[in-house]
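Q: Please take a close look at the surroundings of the ligand. Which residues are there, and how do they meet the ligand?

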Amino acid sequence: MNHEKVTLTGIKPTGSPHLGNYLGAIAPALELAQNFQAYYFIADYHALTTLHDRERLRRSVYSVAATFLALGLDPAKAVFYRQSDVPEIFELAWILSCFTPKGFMNRAHAYKDKVARNMQEGVDPDAGVNMGLFSYPNLMNADILLFGAQVVPVGKDQKQHVEFARDVALRFNKHYGKECFVIPEPIIREETDVITGLDGRKMSKSYDNTIEIFLPSKKLRKVVNSIVTNSQAVEEPKSTQDCNVYAIYRHFATEEQKVAINERYAQGGMGWGDAKKALFELLEQHFGSAREKYDALMAHPAEVEVVLQEGAKRARIVATQRLNAVKDAIGLKF
Ligand code: TRP
């Protein structure tokens, strides 16, 4: 199908994705492919701002790629590529940096927070900040603007980045009197997408309370069993409210399943072990066949590589066109 509107999603490869990533970002991003021409890319050069371990970076890139493919990304329809395979992004990043006030980057949340923390600790404000981290938002601007993305789905924390991209695009278009860039709009994912982790806090890698999407069955069972519950006895009637097991269950269950399990909780006679078993089975059912695909892809990274190379080829056609128009506008190309 030929959709006119373009959407673009960048995924930073920093480890194996978990259920929070799935519900909050991956599933909604994949859905967009139904109504848009979708671009998905693995932001490996963004990861490089913090990830300097060769094997972990390599593995994360393949893991993210295999995850998206296993969960239904169709590389024939969407354009799926690795950022570092599209050098035009980095050319544009330099050009855009020459139109971006340094003050913007000073105000970028991630950098500003880091500086604030350093000052609090009484160390140099820029301690631990490399230039990649500082200009992270500039590279994002290039990611977004090079492909004419109209709609960029992001979490709240990334909204500012899309606003930077809008500002730079408007500035550039106005200065040269040409509509070189499409002005992107953020769509902000709601906080309701936040999923509870093993210990009841928000599921997050930094709390070490996550459930990875494609854990092997045995490990998944173990992790589910480690969800923190209260000490009610088996026979006691229980409430699904404030139950960390149900807080995850409800995201994957049908309405009927939810009604049924609410009854089982209320009746008493169901222990936490049973509740965890129900969650385990539900997750198995939800992700079991995707996990087989994921495992097969992870066992054959060369196949993933072929998909990414094919995607990069398609991405570069679009990228080159826009980059040439930009170079022409600024007087670099005749
Ligand atoms: N910064 C995003 C993240 O941390 C990843 C990303 C890189 C991105 N480039 C992008 C997201 C462009 C949207 C558009 O997840």
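A: Helices (H or I, at least four residues) and strands (E, at least two) are DSSP runs, numbered from the N terminus. The model is predicted: local features need pLDDT of at least 70 and side-chain atom pairs pLDDT 80 or more, while totals for chains, interfaces and linings use all residues. Residues are numbered from 1 along each chain as its sequence is written, and side-chain values use heavy atoms, leaving out hydrogens and water.

Around the ligand, with a heavy atom within 4 Å of it, lie L8, G10, K12, F41, A43, H46, Y136, M140, D143, I144, V152 and Q158. By class, this shell holds seven nonpolar, three polar and two charged residues; Ala, Val, Leu, Ile, Met, Phe, Trp, Tyr, Cys and Pro count as nonpolar, Asp, Glu, Lys and Arg as charged, and the others, Gly among them, as polar.

Nitrogen atoms of the ligand meet side chains in polar contacts (a pair of N or O atoms within 3.5 Å). Y136 places a polar side-chain atom 2.7 Å from a ligand nitrogen, and D143 also has a polar side-chain atom 2.7 Å from a nitrogen of the ligand. For Q158, an N or O atom of the side chain is 2.9 Å from a ligand nitrogen. On its own the ligand exposes 370 Å², of which the protein buries 87%, by the Shrake-Rupley method with a 1.4 Å probe.

Two elements, β1 (6-11) and α8 (136-146), each give two or more residues to the shell. The largest share comes from α8, with four residues.

How values were computed. Polar contact = N/O pair within 3.5 Å; in protein donor to acceptor, adjacent residues only side chain to side chain.
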